[in-house]
Amino acid sequence: MLVKRKYKKQILRAVKIALGSSAAIYIASLLHLDYEISAGTIALLTIVTTKMETIRLSLYRIITLLFSICMAWVVFGHFNNEWAAFGLFIFVLVMMCEMLGWGATLSVNAVIGSHFLTRLEFSGQFILNEVLLVLIGITIAIVLNLFNDNESSRKELIIHMRSAEKQLQIILAEMASYLLYENMQRDVWEDIRQLEEQLKQYIIDACEHHDNTFSSHPQYYIDYFEMRMQQCNILDSLHSEITKIRNMPVQAKIIADYILYMKDYVVEISYASIQLEQLYTIFEDMKKEPLPESVEEFESRAILYHVLMDLEEFLIIKKKFVDGLDEKQKEIYWK
């Protein structure tokens with residue numbers, strides 16, 4: 001399903017680019033503009049992944065276009081050598097765009113600069129011609145990028161959420177097995193690494209959905225996956241701790257049972273408050289345990305205490321995420 005969604009997204013983008021480029025050239029031809037092919041190129045270069053990025057890039061193109069026209073007039077009007085003039089024009093343009101972080105505008109402005117270099121004309125009519133080429137290209141790009149399959153994108157994010165929750169539960173179950181002196185059935189280090197890589201991609205997908213959605217609460221999915229990434233990092237630390245234990249004290253079973261209980265609540269709609277209360281009870285009970293009788297037991301119980309602290313942080317991260325939600329978000333996403 002996710003592979004199908006990926007190809008669907010690629011096909012939709014290809015269709016938008018093809019239609020946008022053709023439409024831009026057609027409109028420029030109807031207006032009898034010079035270099036009408038460039039309007040199609042500008043549309044192609046402006047249709048990017050998201051609505052927000054397209055709008056942002058279009059604004060940058062307009063600002064840098066005005067600068068490019070001024071630079072072309074200054075440089076090309078005072079240099080007889082074409083290649084030296086164009087080189088200086090590109091140098092100044094690149095420096096400005098890089099300093100502003102607008103490198104994506106370079107290609108279009110280089111095209112516009114080449115038009116001025118070819119014609120060496122700076123009349124109001126020709127400047128209007130170049131401005132219209134850019135406006136046609138970016139307008140077509142903005143209009144076409146209003147059409148996105150946001151509902152499918154949202155459903156894909158929900159699938160990612162369920163997958164991340166399932167993998168976190170598997171990792172926790174394996175750690176509980178280790179504390180119970182049972183053989184691990186999986187490579188937990190590898191599971192954690194894979195989950196981290198997947199969460200990085202999920203965050204990218206959530207950001208893309210955010211920039212394609214003009215709803216009031218699109219940040220929810222980004223915050224959710226960042227929360228899961230933090231929890232995954234905690235599990236990395238937790239796994240490192242428990243693998244240092246060579247002789248499991250009796251308290252290990254209590255913690256293992258708690259982990260098995262807690263993992264069932266690693267789901268989206270969970271406040272983590274009750275699980276934290278249960279954990280604090282275990283903290284108090286451990287304080288009442290008899291003191292260790294050997295150095296080895298002391299070290300093992302100290303590690304277990306760190307494990308409990310990691311579990312506490314794991315739950316607090318989820319609680320902070322929930323506390324940060326308003327009632328409207330809960331109504332929309334927790335229905």
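**Close-up 1. Met99 and a nonpolar patch on the surface of this predicted model.** Met99 counts as exposed, because its relative accessibility is 65% and exposed means over 50%. This methionine is found in helix H4, which covers residues 82-100. Met99 has company here: together with Phe79, Leu88, Phe91 and Met95, Met99 forms a nonpolar patch on the surface. The accessible area of these residues together is about 510 Å².

**Close-up 2. A salt bridge between Arg119 and Asp34.** In this view, the closest N and O atoms of Arg119 and Asp34 are 3.1 Å apart. The pair links distant parts of the chain, with the two positions 85 residues apart in the count along the sequence. Arg119 belongs to helix H5 (residues 106-119), while Asp34 sits in the loop between helix H1 (2-30) and helix H2 (37-46). How accessible are the two partners? Arg119 is partly exposed at 35% relative accessibility, and Asp34 is partly exposed too, with a relative accessible area of 32%.

**Close-up 3. A salt bridge within helix H8.** Here Lys200 and Glu197 meet through their side chains, 3.4 Å from N to O. Both residues lie in helix H8 (residues 188-212). They are three residues apart, which is about one turn of the helix. Lys200 is partly exposed, with a relative accessible area of 46%, and Glu197 is partly exposed with 41%.

**Close-up 4. Lys263 with Asp264, and a salt-bridge network.** Lys263 forms a salt bridge with Asp264, and their closest N and O atoms are 3.3 Å apart. Asp264 is partly exposed, with a relative accessible area of 47%. Salt bridges that share partners also join Arg162, Glu165, Arg228 and Glu268 into one network. How many salt bridges are there by the rule used here? The count comes to ten.

**Close-up 5. Leu179 in the largest nonpolar core.** This core has 54 residues, and the members that touch the most others are Leu179, Phe225, Ile255 and Leu311. Two or more residues come from each of helix H7 (150-179), H8, helix H9 (219-242), helix H10 (251-263), helix H11 (273-287) and helix H12 (295-323). Which helix gives the largest share of this core? H9 does, with twelve residues. Looking in on Leu179, you can find its contacts with Ile242, Ile245, Met248, Ala252, Ile255, Ala256, Ile259 and Leu304, leaving aside residues up to four places away in sequence. Another core, of 32 residues, lies apart from the largest one; among its members are Leu33, Ala43, Val75 and Phe76.

**Close-up 6. Tyr224 and Phe321, an aromatic pair.** A pair of aromatic rings is described by the distance of the centres and the angle of the planes. The structure holds 15 aromatic pairs. In the one shown, Tyr224 and Phe321 are edge-to-face, with 5.9 Å centre to centre and 75° between the planes. This pair links distant parts of the chain: Tyr224 is in helix H9 and Phe321 in helix H12, 97 residues apart. Are these two rings' residues buried or exposed? Tyr224 counts as buried, because its relative accessibility is 0%, and Phe321 is buried with a relative accessible area of 8%. Ring pairs also link both residues into a cluster with Tyr202, Tyr220, Tyr221 and Phe225.

Key. Residues are numbered from 1 along each chain as its sequence is written. This is a predicted model: local features need pLDDT of at least 70, side-chain atom pairs count only at pLDDT 80 or more; totals for chains, interfaces and linings use all residues. Side-chain values use heavy atoms; hydrogens and water are left out. A salt bridge is a side-chain nitrogen of Lys or Arg within 4 Å of a carboxyl oxygen of Asp or Glu. Helices (H or I, at least four residues) and strands (E, at least two) are DSSP runs, numbered from the N terminus. Buried means under 20% relative accessible area, exposed over 50%, partly exposed in between (1.4 Å probe, protein chains only). Patches are made of residues with over 30% relative accessible area and no salt bridge: like charges are joined within 9 Å, nonpolar side chains (Val, Leu, Ile, Met, Phe, Trp, Tyr) within 5 Å. Accessible areas come from the Shrake-Rupley method with a 1.4 Å probe; for residues, only the protein chains shown count as cover. A nonpolar core is a set of buried Ala, Val, Leu, Ile, Met, Phe, Trp, Tyr and Cys residues joined through side-chain atoms within 4.5 Å. Contact means heavy atoms within 4.5 Å. Rings of Phe, Tyr and Trp (its six-membered ring) pair if their centres lie within 6.5 Å; planes under 30 degrees apart count as stacked, over 60 as edge-to-face and the rest as tilted.
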